[in-house]
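This report goes through a protein chain from its helices to its surface. Look at the sequence and the model first, then read on.

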Amino acid sequence: MLQILQEYGVLLLIGEYPHGKLGGLAMTLIISFVSLIVTFPCAILIALARAGNSKPLKNIASGFVHCVRAIPLLMLIFWAYFALPVAIGFPVDATYTLIIAIVVYQTAYLGEIIAAGIEGLPRGQMEAAKSLGLGYIPTTFKIVLPQALFNVVPGIVNQLTTIIKESSLGSIIAVPELSYAMLQVSSNEVTKPLQIFGILAGTYFVLCFALSQATGVLERRIANRRTGRVIVEAVA
């Protein structure tokens, strides 16, 4: 393993950059964070529609969520890779194709997480906002969303872990991320598959384990804050 890391370490970290495309672990992290950033506002829209009072919007959002969650991500990647260029009339880079597929897929899941956070808030807060004369938009963006998003921060971080693992499917369409770099190494070192994919598994484990630990810390902090708030309210 040390020999492989010494010989191919740069390729695994940054791909062929600066003499070629950026790739490897750096590309995996970029794809993951960009996908999460783009997914976030889309998921908020889905969550507001799911938790709102408009029946048509709720039905559209529910249909989107159920349809996407019933389809494997790999199929969405293939659809985006082969069908999207035909639909728009020009080719799309494989990296953008992967990001689009992940965003569509994760919007359904993250939207459900945020919707659960919204529905978990006490109804009295929204009723109090209405009694003060606040409309839907001020109530949503000043009272509901800040609290709901704070409560689901661990779920959002957990979805980042999922996205990092899902980004490995980009190797199917030659996106130069970490898994694809490992396949290139494997084609050169055909007699060392266990070492090569052991390094790959270990890298994903370290990334995902670190994020899982961060999720646990966030969950404990949120629980402690809730407990402190309950105690303060009880004393008052």
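Helices (H or I, at least four residues) and strands (E, at least two) are DSSP runs, numbered from the N terminus. The model is predicted, so local features need pLDDT of at least 70 and side-chain atom pairs count only at pLDDT 80 or more, while totals for chains, interfaces and linings use all residues. Residues are numbered from 1 along each chain as its sequence is written, and side-chain values use heavy atoms, with hydrogens and water left out.

**Overall layout**

The chain has ten helices and zero strands. Its C-alpha trace spans about 70 × 50 × 30 Å along the principal axes.

**Loops**

Three loop residues with their features are listed here.

| Residue | Loop | Feature |
|---|---|---|
| Pro 18 | between α1 and α2 | cis peptide bond with Tyr 17, omega about 10° |
| Ala 174 | between α8 and α9 | positive phi, near 65° |
| Ile 172 | between α8 (153-166) and α9 (178-188) | part of a nonpolar surface patch of about 660 Å² |

Besides Ile 172, the patch is made by Leu 74, Met 75, Phe 78, Trp 79, Tyr 81 and Phe 82. Patch residues have over 30% relative accessible area and no salt bridge; like charges are joined within 9 Å and nonpolar side chains (Val, Leu, Ile, Met, Phe, Trp, Tyr) within 5 Å. Accessible areas come from the Shrake-Rupley method with a 1.4 Å probe, and for residues only the protein chains shown count as cover.

**Side-chain pairs**

The structure holds four aromatic pairs. Rings of Phe, Tyr and Trp (its six-membered ring) pair if their centres lie within 6.5 Å; planes under 30 degrees apart count as stacked, over 60 as edge-to-face and the rest as tilted. Phe 78 and Phe 82 form a tilted pair, 6.2 Å centre to centre with 35° between the planes. About one helical turn separates Phe 78 and Phe 82, because they are four residues apart in helix α4 (residues 73-88).

A salt bridge is a side-chain nitrogen of Lys or Arg within 4 Å of a carboxyl oxygen of Asp or Glu. By this rule there are four salt bridges. In one, the side chains of Asp 93 and Lys 21 meet at 3.9 Å, N to O. Asp 93 lies in the loop between α4 and α5 and Lys 21 in the loop between α1 (2-14) and α2, so the pair ties together parts that are 72 residues apart in sequence.
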